[in-house]
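Student: I am new to this structure. Could you take me through the strands of one part, slowly, and show me how they pair?

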Amino acid sequence: MGNWLDRAFALEAVRITEAAAVAVADLIGRGDEHAADHAAVEAMRRSFSFLPVTGTVVIGEGERDEAPMLYIGEVVGTGGLEVDIALDPLEGTSLTAKALPNALAVLAIAEPGTLLNAPDVYMNKIAVGPGYSEGTVDLDASVAENINALARAKGVHPREITALVLDRPRHEKLIEDIRAAGAALRLISDGDVAGIIATTDPNTGIDIYFGQGGAPEGVLAASALRCLGGQMQGRLVFRTDDERERAAKWGINDLDRKYLVRDLASGDVIFSATGVTDGSMLRGVRRTPDHIVTHSVVMRSTSGTVRWIEARHARRRPR
């Protein structure tokens, strides 16, 4: 199964995330989240009509009654190899509307049955980059225990550890605990896929990611970590009976399970992301009178290959 996904699909995946990013280029900073999201979804959906696969969306825009396209369970592609697809056409709609950093178009393509069909609920998450012994950090340990364990593994003082957290009221206690443990703190307004991936790049200065974000985003981030290395643990958070019922619908019966990276994304996986706004990993789209320039990354778990791609797309002019 190691060569299951043809490497040619890597370039096809990039074309799809590029299309979504290009579609929102003229909407960056315009303050309209709905218009930006709609443009990205439509562009990504059109792009799948050229992909020679039978792809089932397992992480998408919601259930069929919530989303007109790219909904969970929708089958996309022109037919061929069966794959599972996880996507977020615009990860960071508010970031795009406000022209803030780290908005991305994101896609993962994987073997059938190897991506967790996560319901649209919250997930508690902890993540670190590659190079540490398995279990260096643990979702069930305290914040201080995790920061001290990571500092020991790096051979530094806890003061030299930097944690990344979504800036949300629900994280007030988490933020206090991080500062009490002596670590530095960096807050982001949105974009926890990019936030988790940031732990894998020493140039970002991010050592560890903590907090509660979307479960679908957790699966996408795990897909990237499968290619880049690193550790992540997550546990779904259910607040209502309706959320628990939706989990059961997708085959999730152990509501307290602690998921590791390979529980969220196993098998062969290709991950692609294109920058919409400038971020720690990718440059955002650039507009000129004649072209739109995109910056993307595409990676594959089997080979561990990571490719950075800059592309120039001709702007369509009215006739």
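Tutor: Happy to; here is a walk through the strands and their partners. This is a predicted model, in which local features need pLDDT of at least 70, side-chain atom pairs count only at pLDDT 80 or more, and totals for chains, interfaces and linings use all residues. Residues are numbered from 1 along each chain as its sequence is written, and side-chain values use heavy atoms, with hydrogens and water left out.

Let us look at the open sheet of six strands, ordered S7-S6-S8-S5-S9-S10 with mixed pairing. Strands here are DSSP runs (E, at least two residues) and helices are too (H or I, at least four), numbered from the N terminus; two strands pair if DSSP finds at least two bridges between them. At the edges sit S7 (184-188) and S10 (259-260), each pairing on one side only.

Further in, S5 (residues 122-128) and S9 (residues 231-237) are joined by seven bridges in the antiparallel sense. Within this pair, Asn124 stands opposite Arg235 of S9. In general, strands of a sheet pair through backbone hydrogen bonds, either parallel or antiparallel.

Now add a helix to the picture. Helix H7 (residues 215-228) lies across S5, S8 (208-214) and S9, where contact means heavy atoms within 4.5 Å. H7 runs at about 165 degrees to S9; axes are lines fitted to C-alpha atoms, for helices over the stretch in contact, and angles run from 0 to 180 degrees between N-to-C directions.
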